[in-house]
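The exercises that follow are meant to be worked with the sequence and the coordinates open side by side. Each task is followed by a solution that proceeds step by step.

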Amino acid sequence: MAFKEYDVFVIGTGTAGKTVAYDCAAEGMKVAIADNREFGGTCSQRGCDPKKVLVGFTEAIQLSENLKGNGITSIPKIDWIDIQKFKSKFTDAVPSVTEKELKKAGISMYHQSPKFLDENTLSVEGKTVKAKKIVIATGQKPMELKIPGRDYLKISDDFFELEELPENIVFVGAGYIGMEFAHIAARCGVKVTVIEFSDRPLGPFEADIVEHLTKASEEIGIKFIFNAMVTEVEKLQKNYRVSFEVNGKTESVDTRMVFNTAGRVPSIDELDLEKGNVAFEKGGVSVNEFLQNTTNKSVYACGDVSASGSLPLTPTSSQEARVVSLNIRNGNKTKMDFPPVPSVVFTIPQVASIGMTEEEAKDRGYNYVIEYKSVPKWFNAKRVNDKIYAYKTIVDKDRDIVLGAHIIASGAGEMINLFVLAMCGKLTTKNIKAMIFAYPTWGNDIKGMV
């Protein structure tokens, strides 16, 4: 049977997959790429970008709320249909533009998820293809909650396509996605309940900082049910009944809509990895320091689907794709070495973090000093009447360098980038304090945090 052969076959058209494909095609390699969804990946269509567009409207509402009575006389009204139309300007063209650019680069395209037949052979669109190198960059997908009624659960994709907002929503899970969507919905007038398995939101983040966010969330009407395990979703006449166990008792809440925001898992179950001798684990495709699969040396993995130990974020996906691209084109010479990686939750206020938490610094035996303060009286918060502004920094006493920084503030997402520079450059706290930043800016405040 006739089959096509490629130097490189990339599975996934998001940030990581496209980067590898373009680089290899530019080197004259014969490249193909495949996706079982619209080309362009999650971030640009169903993730970071459209989410940040929606957040922008809620920021305008919150700022007006803060300044009402101090020059602002009324709060803007939300038109959800118009918001969705505006959001679509950023997302609708992505698939066609992506395909046009891939075609221009001479990359063959397949619109299906391939399946491994052996270590270098795939089945896709009813065709058999062979490739010298195969790159898995399929990202992540919502984790399935294996409970009765799980088919009634909506996911993040559905939130972006809502034609109208319901009166109330239940979010199952208080991670990034659950918290960000909860804040968007609540500020648009929806009654929001968040059911979380653990005792607080955002488990990986610094507990002291998250406590401020929990308070801010409750003040805008978000109801939290912690230490609760959802056990069933039932369809009623108009609503859904979400049952959960908490403190040894079964309770329930009725809602017009319920979303599964319990987390995401590597998107690998359609690939038949076993047939390709591709090792995988809970965190995704198993890889070595070159991001090469540990059992099939023809396979590389990058982005959220790789079990590299990095955070599943778009910037880390880009970094991993660069490493995979170099190693495919030049041989395994470039190892993945992650610099400190910042993370931001785009609630209001934002929560931003980089480096170690206090607990991690303690567990690793560092000789450290903590500075933790609530500073709503600092000028940048006062000028917009923000009620919450706090930070926690962990500094290595022996070397005088920052081990971790954690901020909750309206400008936390931009401030954390300055800590990236400080930590990557191994600047001492004396170095940071000696710098001159523009004033009055949020960035200038980091000098007071170390």
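A disulfide is counted here when two cysteine sulfur atoms lie within 2.5 Å. The model is a predicted one, and the values below are computed from it.

**Exercise 1. Determine how many disulfides the structure contains, and explain why Cys424 does not form one.**

Solution. Begin with the search of the whole structure, which finds 0 disulfides. Next, take Cys424 and look for the closest cysteine sulfur, which belongs to Cys48 and lies 20 Å away. Set against the cut-off of 2.5 Å, that separation is too far for a bond. Finally, consider the surroundings of the two residues: Cys424 has a relative accessible area of 41% and is therefore partly exposed, while Cys48, at 32%, also counts as partly exposed.

**Exercise 2. Describe the overall dimensions of the protein and decide how its radius of gyration relates to the globule rule.**

Solution. The inventory of secondary structure comes first, with 13 helices and 23 strands in the protein. The radius of gyration is 24 Å, and because this is close to the 22 Å that the globule rule gives for 450 residues, the protein is as compact as a globular protein of that length. Along the principal axes, the C-alpha atoms fill a box of roughly 75 × 65 × 45 Å. As for the interior, buried residues make up 49% of the 450 residues. Among contacts with a separation of 6 or more, 62% join residues that are 24 or more positions apart.

**Exercise 3. Identify the largest nonpolar core and the helix that gives the most to it.**

Solution. The largest nonpolar core has 60 residues, and those with the most contacts inside it are Phe159, Phe171, Val192, Tyr389, Ile407 and Phe419. Helix H12, which runs over residues 412-424, gives the most to this core, with 7 residues. A second core, separate from the one just described, has 44 residues and includes Val8, Ala16, Phe39 and Cys302. As background, nonpolar side chains in soluble globular proteins tend to be buried together.

**Exercise 4. Test whether the length of helix H7 agrees with its expected span, establish how enclosed the helix is, and follow one of its residues to Ser217.**

Solution. Helix H7 covers residues 176-187, and at 1.5 Å a residue its 12 residues should span 16 Å; since the end C-alpha atoms are 17 Å apart, the two values agree. Because 10 of the 12 residues are buried, H7 is largely enclosed by the rest of the structure. Among these buried residues are Met179 and His183. Just after the helix, Gly189 takes a positive phi of about 95 degrees.

Now turn to Ser217, which is found in helix H8 (residues 207-219). With a relative accessible area of 0%, Ser217 is buried. The side chain of Ser217 makes a polar contact of 2.8 Å with the side chain of His183. Leaving out residues up to four places away in sequence, Ser217 touches Met179, His183, Ile222 and Phe224.

**Exercise 5. Locate Asn227 and state which residues it contacts beyond its neighbours within four places in sequence.**

Solution. Asn227 is found in the loop between strand S10 (223-225) and strand S11 (228-235), and at 45% relative accessibility it counts as partly exposed. Its contacts beyond those neighbours are Glu196, Phe197, Ser198, Asp199, Glu245 and Val246. For Phe197, which is 30 residues apart from Asn227 along the chain, the C-alpha atoms of the pair are separated by 4.7 Å.

Key:
Residues are numbered from 1 along each chain as its sequence is written. This is a predicted model: local features need pLDDT of at least 70, side-chain atom pairs count only at pLDDT 80 or more; totals for chains, interfaces and linings use all residues. Side-chain values use heavy atoms; hydrogens and water are left out. Helices (H or I, at least four residues) and strands (E, at least two) are DSSP runs, numbered from the N terminus. Buried means under 20% relative accessible area, exposed over 50%, partly exposed in between (1.4 Å probe, protein chains only). A polar contact is a pair of N or O atoms within 3.5 Å; within protein, one must be able to donate a hydrogen and the other to accept it, and residues adjacent in sequence count only if both atoms are side-chain atoms. Contact means heavy atoms within 4.5 Å. The expected span of a helix is 1.5 Å times one less than its number of residues. A nonpolar core is a set of buried Ala, Val, Leu, Ile, Met, Phe, Trp, Tyr and Cys residues joined through side-chain atoms within 4.5 Å. The radius of gyration is taken over C-alpha atoms; the globule rule is 2.2 Å times the number of residues to the power 0.38.
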